[in-house]
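User: Got a minute to go through this one with me? I'd like a quick tour before I set anything up.
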Amino acid sequence: MKTRRNQQEREEEDEQPLDVWKWVHSYSKFVYNHPWVIILLCVGFVIAMTLWLLLVYGFEIIANVCFYRWDGDSITGKWDSYLTASKVTYSSTLDKNGNSEEADPQSSQTQIGLLIYERKEGNILEIPIIQKIWQLEDELKQREGFSEHCFKMNTTDRSQVDENGCANFISFITYLKLVMGLRMNNPRPENLTKIDILTALCIPTLAASLFGHDYDPSDPASSKYLRTLIPLGLPLNGYKNKNDRFDEQKEEFSKWGAEWIKPANDFLKEKPFGVGLYNVVPFAIDKQISQVVMKQVLWLIGSFGFLFVFSVIHMKSFFASIFGVIGIFFSIPCAIAFQFGVLTIHHFDALNVIGLFLICGIGSDCVFIVFDLFRQTKHVPGVTPPLRLAFAVEHGIMALATSTSTAGVAFLAMISSGVRIMKYFGIYCFLELFFAFIFTFTFYIGILALWCRYFEDRSFKSNNNNNSENINDGDNASCWSRLFGCCRKKKEVMDERPLMVNDPSIDTMTSTVTNTNSENSGFQTVEYPYTSVYDCFAHLPVFHVQASGLHIHGYSAYEKFFHNYVVPIVYFYRMPIVVVMFILTVIFGYFTFQMQSKSELQFLGDDHFLQRAYILVSNAFTTSIQDFSFVYVWGVQKNLKKKWTNYLTADNYGEPRFDGVDIKNPEIQQYLSNMCDVMRSASFVDPSTGSDFSVCPIKILETYANSQGQPFPIPRENFTDEFMKGFQDYLGPQFINEPDSLFIGTLKRNTIGFSFDNGSLMYIAMKANMYLPADQDSSTLRVIYEETEKFALENITSKTPEGLSPGFTTSYGWLPMVVQDQLPTQAFYDALYSVCFAAITIFLATFSISYTIFVVYSMASVVFIIIGILYFCGWKIGTNEAVMISIASGFCADFIVQPMLAMAHDNSKRSIFGRLQNSITMFCSPVSSALCTTLMAAVFLFPSDILLFPPFASFLVMSGSFGILYGFVVLPALIAWLGPKHGDSLLKCCRPKRSHKKKSKNRDNAQVTLESQNSILQENQEDEV
């Protein structure tokens, strides 16, 4: 009984008009019969993932340049060792108990607020301008809420605090008030005179701390730049200390700051006397940048809107189009939720926003190809809707798995990058592609089932009497289909062209993997008239050569153009095309390796007020508000202990290794004290900022010892545990008034660390601020770095006493230098890895060595040409450009591989020209449609204020354009010239022979095919007449 049933199943399988995998047929039949099951499951999954993301983790786009730094080389490794050492130790008793002890409101400084005034044309130190600045700063002090957010000092000295106890602004106006207060009570802006300005300018260190690098003290004193520092404090009212529910305090502070700074924003809009004002308010600036990025995300609406419109044009169905776009959109929240919840990467950077636009192009490619595969099987004799779905699923999986995998591995190749943000970007884009692929063959297949049952135009009769489906006539056709009926030509068969069984085109017209057997098809092989590669020098090309076996009369004008004109030109001029493009590849490849690098990363344009503030902070003043210090550390090893989980957090670089410091050793104490004096005498150290950035904890120990009546160095017997505890208590007030820094690890309290276990000294360091170079490119920083290394080796490391492990130098200032030096090499390796992974993917898809080599060459050529063009456009390799180069090979492969796969799996007896005609004609429409959606997604990136986006748009345009050029022209020409005549796929030896029964059935169907062809051709000829 079982044998009879199996035999019957095999007979039914042999009678199927389309060959599909059995499990795919079963899956498709289930989806067709129960489409709502798969659709609701997908929708429920997306809703669950979205709620999981929003309710458990929350979502915020982060745009912080601090995360765009290198990780893994020796220079950054030393900084990370120093940085992480401060995280696992405590600097004082106050720091140790900081999370449990209560503090007075606003008694601890947080990040400094900053106002930077710039007058590009003229002198900012003129009386009317100073009066205007005075009025603004007085207004800011009187703004609601300032007294609840300022830093409050424990003093009543009016030279340091105002009537509310708030620390005075570190401002030129504050010094003017002190000077004018000597001759009058309650000085006002209208009382200001030139003498007051000149008197205030005589105050030591004033020029170095508040005026720009262009400051000229001659009469009249002049400068284009002036800055004001605003001390702000935590904890806020209702919080125990600054670490108590810090995120809540940060959010509250940012909301207040955004409202409080509005007069400064109005000042910038007004620009009195041509003076611009750029502000940096702690925590509020992060919110401002995030809001700017979120506004740019709105351009995504335009990209998806165009995708929907174009899908309607391509599919001629609102229903299939709108739900196809929704299915593409489903991949976005699922990828983010998977990244946050499963991979525990709780960081979504502004760079990831680009991935939202990428999915418009790559995701639409999935939808277009599957839809065309389904629609083109409409008139196959004896076909059923479930079988059509199965055909679309099987061949869609094989076609899209190759292109999606190629692009996906290109993104994954970025996990080798030393910039963690690039790692996260690659992972996120890969997840987007993965979920887009999954939803294409689940959610969208269910949508196609509904479209087929209720919306598809069924104005045709089934040729199979055993077909259980009742096909409606034209009068009962879908209203949606009739809506587009007016757009069709009379008797047009573009969407109803028959997919003839056993015709040479049956398996390759829409699939990239189906075997084709033309042995008994009745099809006669046709060769192009001129087959020699040298014929192009003696003859003209011949057009309208029918070698593909396709019913080209029923195709669109676009497809006919490729079939009748493009392919003959590509084949006829194959040698010149390959040679010319090879020469261009060599030329552009040379210039690719001449491309320079850059270290700076800008989210916004130079004229944007947020970016202008950052530029002025970095370059306009001789002393930086940021940290540019020389640091020398003892007690910490250079190499970190790293785990793979460390890479899942943006700022977790590993665990430090300690050697410890025997601070009770008098010889070591004296050595550390002497080295502090040596450091401060270095030529690269700026002595004018000693109190702001420079610190030597050993000098604090010396001061404490003197206060306790102890000699220095302190004898070991006097260095008791009680003395150590007193020293730790003494350190707290030394660091308490230091403002927080945007850059972790750059504070004075980071220079010493005690063990939480036994209170012993784990490490000690010293730091001094260096002169800030006007030009902070890699070459300039490299000179300073080598100078500091040489100085430390000769004057500090070489004199290390016994009992103390040699230390090392480090600085936050070297991180941009490393990024600039490493990015070009890393971009090259990322591109190389992506090409190698793509080669493996192509080989597994084709099992053809020659086709794999041809595709790899095409991908590399596209990358070289794109980068070469960017070189001539004056681009330099930064983080954004490195991302483009890394994914270029995989992204362009999405446009290259589709026609190639069709040729690789075409086992018919067509000539090489016929195979080119067949594959290019079949894929010119869906691949071109995917290119259109990609280009339009890029168009919506060009107007963006975020500087990351417009260059990426240029890259998308070039990558897609050159990708399709190579896919439809260069690669086919290469295959036609140098490729094996009948292919070299290793799958040939593995293909089972068809049964005699099926061959007989094929011969019968072939006759039906020929009759159907003749009928259609005759009908078309009558219409043309």
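Analyst: Sure. One term up front: buried means under 20% relative accessible area. Also keep in mind that this is a predicted model.

User: Okay. With that cut-off, how many of the residues of α18 are buried?
Analyst: For α18, 11 of the 13 residues fall under the cut-off, so the helix is largely enclosed by the rest of the structure. The buried ones are F443, Y444, I445, G446, I447, L448, A449, L450, W451, C452 and F455.

User: And how far apart are the end C-alpha atoms of that helix?
Analyst: They are 17 Å apart. Helix α18 covers residues 443-455, and at 1.5 Å a residue its 13 residues should span 18 Å, so the two values agree.

User: Zooming out, what does the secondary structure come to?
Analyst: The protein has 33 helices and 11 strands.

User: What share of the protein is buried?
Analyst: Buried residues are 57% of the 1025 in the protein. As for the outside, about 42,300 Å² is exposed, and carbon and sulfur atoms supply 57% of that area.

User: What about contacts far apart in sequence?
Analyst: Take the contacts between residues at least 6 apart in sequence: 79% of them join residues at least 24 apart.

User: Let's do the core. Which residues touch the most other members of the largest nonpolar core?
Analyst: L358, F425, W634, M900 and F952 do, in a core of 222 residues. Helix α30, residues 879-904, gives the largest share of this core, with 17 residues. A separate core has 56 residues, among them L125, A221, Y225 and Y278.

User: Go back to M900. What is M900 in contact with, leaving aside its neighbours within four places in sequence?
Analyst: M900 is in contact with I842, T846, Y851, V855, L971 and I975.

User: Now the surface. Which residues form a nonpolar patch there?
Analyst: The patch is made of I47, L51, W52, L54, L55, V56, Y57, F59 and V342, and together they have about 840 Å² of accessible area. L55, one of them, sits in helix α3, residues 35-57.

User: Is L55 buried or exposed?
Analyst: Exposed, because its relative accessible area is 70%, and the cut-off for exposed is over 50%.

User: Switching to backbone geometry, what should I expect before I look for oddities?
Analyst: Most residues other than glycine have a negative phi, and most peptide bonds are trans.

User: So where are the cis bonds?
Analyst: One joins L234 and P235, with omega about 0°. P235 is in the loop between β5 (233-234) and α10 (246-260). Another cis bond runs from F712 to P713, and its omega is near 5°. P713 belongs to the loop between α25 (697-707) and α26 (721-736).

User: Which residues have a positive phi although they are not glycine?
Analyst: K271 is one, with phi of about 50°, and H544 is another, with phi of about 60°.

User: Where do they lie?
Analyst: K271 is in the loop between α11 (262-270) and β6 (275-280). H544 is in the loop between α19 (479-483) and α20 (557-572).

User: And what are their relative accessible areas?
Analyst: K271 has 40%, so this lysine counts as partly exposed. H544 has 52%, which means that this histidine counts as exposed.

Technical notes:
Residues are numbered from 1 along each chain as its sequence is written. This is a predicted model: local features need pLDDT of at least 70, side-chain atom pairs count only at pLDDT 80 or more; totals for chains, interfaces and linings use all residues. Side-chain values use heavy atoms; hydrogens and water are left out. A nonpolar core is a set of buried Ala, Val, Leu, Ile, Met, Phe, Trp, Tyr and Cys residues joined through side-chain atoms within 4.5 Å. Buried means under 20% relative accessible area, exposed over 50%, partly exposed in between (1.4 Å probe, protein chains only). Helices (H or I, at least four residues) and strands (E, at least two) are DSSP runs, numbered from the N terminus. Contact means heavy atoms within 4.5 Å. Patches are made of residues with over 30% relative accessible area and no salt bridge: like charges are joined within 9 Å, nonpolar side chains (Val, Leu, Ile, Met, Phe, Trp, Tyr) within 5 Å. Accessible areas come from the Shrake-Rupley method with a 1.4 Å probe; for residues, only the protein chains shown count as cover. A salt bridge is a side-chain nitrogen of Lys or Arg within 4 Å of a carboxyl oxygen of Asp or Glu. The expected span of a helix is 1.5 Å times one less than its number of residues.
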